[in-house]
Amino acid sequence: MNCIFCKIINNEIPSYKVYEDDLLLVFLDINPKSNGHMLVVPKKHYVDILDIDTAILNHIHKVTIEMYKLLKDKLNIDGLTLVQNNGLGQDIKHYHIHLIPVYKDSKLLSIEEIYNKLKQSN
Ligand code: 5GP
Ligand code: ZN
């Protein structure tokens with residue numbers, strides 16, 4: 001299947017991976033709306049909210065909360081916006097949730113700088 005996110009999951013395309021387990025991959029968005037913008041993506045190819053097995057949504061939610069804690073801890077974010085596009089407006093037809101950090105003020109850093117901050121151990 002010619003799906004960019006399946007290729008990222010199968011390591012055919014590189015990505016800045018933030019979290020991985022048997023069911024999900026979380027990686028940094030290549031075109032971030034703010035510092036730390038990341039995508040939570042099920043490893044199985046579901047197209048959108050109409051297609052996804054609802055049994056996985058609780059796990060997606062749990063991991064999203066963990067990522068929020070990581071972003072607060074490592075990047076000191078002031079808020080988090082969740083976006084999940086379906087149909088028109090959804091560019092990649094593989095279900096995903098955007099985690100878009102909100103800051104009182106910040107300048108956009110490079111993805112590599114953000115990745116290093118997220119992976120830094122305290
Ligand atoms: P959508 O409109 O489908 O909700 O958003 C797709 C998102 O995937 C966009 O924010 C876009 O920047 C991101 N994206 C597209 N291609 C790649 C890629 O190859 N790598 C990464 N890390 N993100 C991608
Ligand atoms: Zn896919």
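The following exchange explains how several terms apply to this predicted model.

Me: What kind of model is this, and how are its parts numbered?
Reply: The model is predicted, so local features need pLDDT of at least 70 and side-chain atom pairs count only at pLDDT 80 or more, while totals for chains, interfaces and linings use all residues. Residues are numbered from 1 along each chain as its sequence is written, chains are lettered from A and ligands numbered from 1 in the order in which they are written, and side-chain values use heavy atoms, with hydrogens and water left out.

Me: Why is the protein called as compact as a globular protein of its length?
Reply: The globule rule is 2.2 Å times the number of residues to the power 0.38, and the radius of gyration is taken over C-alpha atoms. For 122 residues the rule gives 14 Å, and the radius of gyration of the protein is close to that at 14 Å, so the protein is as compact as a globular protein of that length.

Me: What makes the pair of asparagine 85 and ligand 1 a polar contact?
Reply: A polar contact is a pair of N or O atoms within 3.5 Å; within protein, one must be able to donate a hydrogen and the other to accept it, and residues adjacent in sequence count only if both atoms are side-chain atoms. A polar side-chain atom of asparagine 85 lies 2.9 Å from an oxygen atom of ligand 1, therefore the pair falls under this definition.

Me: Which atoms of aspartate 91 and histidine 96 lie by an oxygen atom of ligand 1?
Reply: For aspartate 91 it is a backbone N or O atom, at 2.9 Å. For histidine 96 it is a side-chain N or O atom, at 2.8 Å.
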